[in-house]
Amino acid sequence: SGEYVWFVDSDDTINGKWLPQLCEQVMREKPDVAYFPFQAEYADSYSGKHIPDVNSYELAQTLSAEEFYSNLFSFSGSYAWFAWYSRMFLLEKKITFPSGIYYEDMVFTGIVSNRASKVSTFPHKVYNYHIHEQSFLRERNKEEERVRNRLVASCLLFNERHTCLSDRIREKQLDAVSTSIR
């Protein structure tokens, strides 16, 4: 029922310190999507690969989607939770998550990038992404299922490529699909 939607994973937390400023910026600018960086927090028992610090923004700004996705956004870390999405934008563009697969964030954020027109960035880390051994994406005995789901997500995103705003965005998405498949 709100103006913006935020997808928050149940095992993650929010840094409320920056929410008033983020809210003020979003209400003033009215973007389709408002992105912010996140803080990766690793459990003491975690021994796996650390994720790169992607999508950090130096200042608060509002850009055309083409400027943002061509120059500032990395599809290598495409998580639905590191942005607020205009509810009207999602409804008008009929953007939903694909059902029945993992890595649905990759497809969702790819479709969003193809259909958004106005994007805001916020420089402060609002989201705390908790990484631990027990998550599906890190369980050692689930490798085959993860590969299968990544392939399905990659195919879904590949099938969306015709709606890309520009060749540069399309190439970045195809690079992300290739990396995902590899």
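Buried means under 20% relative accessible area, exposed over 50%, and partly exposed in between (1.4 Å probe, protein chains only). This is a predicted model, in which local features need pLDDT of at least 70, side-chain atom pairs count only at pLDDT 80 or more, and totals for chains, interfaces and linings use all residues. Residues are numbered from 1 along each chain as its sequence is written, and side-chain values use heavy atoms, leaving out hydrogens and water.

Q: Is Lys-30 exposed, partly exposed or buried?
A: The relative accessibility of Lys-30 is 40%. Lys-30 therefore counts as partly exposed.

Q: Which residue forms a salt bridge with Lys-30?
A: A salt bridge needs a side-chain nitrogen of Lys or Arg within 4 Å of a carboxyl oxygen of Asp or Glu. Here the closest N and O atoms are 2.9 Å apart. The partner lies in the segment before strand 1 (4–5) and Lys-30 in the loop between helix 1 and strand 3, so the pair ties together parts that are 27 residues apart in sequence. That partner is Glu-3.

Q: Which residues are linked with Arg-28 in a network of salt bridges?
A: Arg-28 meets one partner with closest N and O atoms 3.7 Å apart, and another at 3.3 Å, N to O. The former partner is four residues from Arg-28 in helix 1, so about one helical turn separates them. The residues linked with Arg-28 are Glu-24 and Glu-29.

Q: Which helix gives the largest share of the largest nonpolar core?
A: Such a core joins buried Ala, Val, Leu, Ile, Met, Phe, Trp, Tyr and Cys residues through side-chain atoms within 4.5 Å. Of its 38 residues, Val-33, Tyr-35, Tyr-69 and Val-112 touch the most other members. Helices (H or I, at least four residues) and strands (E, at least two) are DSSP runs, numbered from the N terminus. The largest share is four residues, from helix 4.
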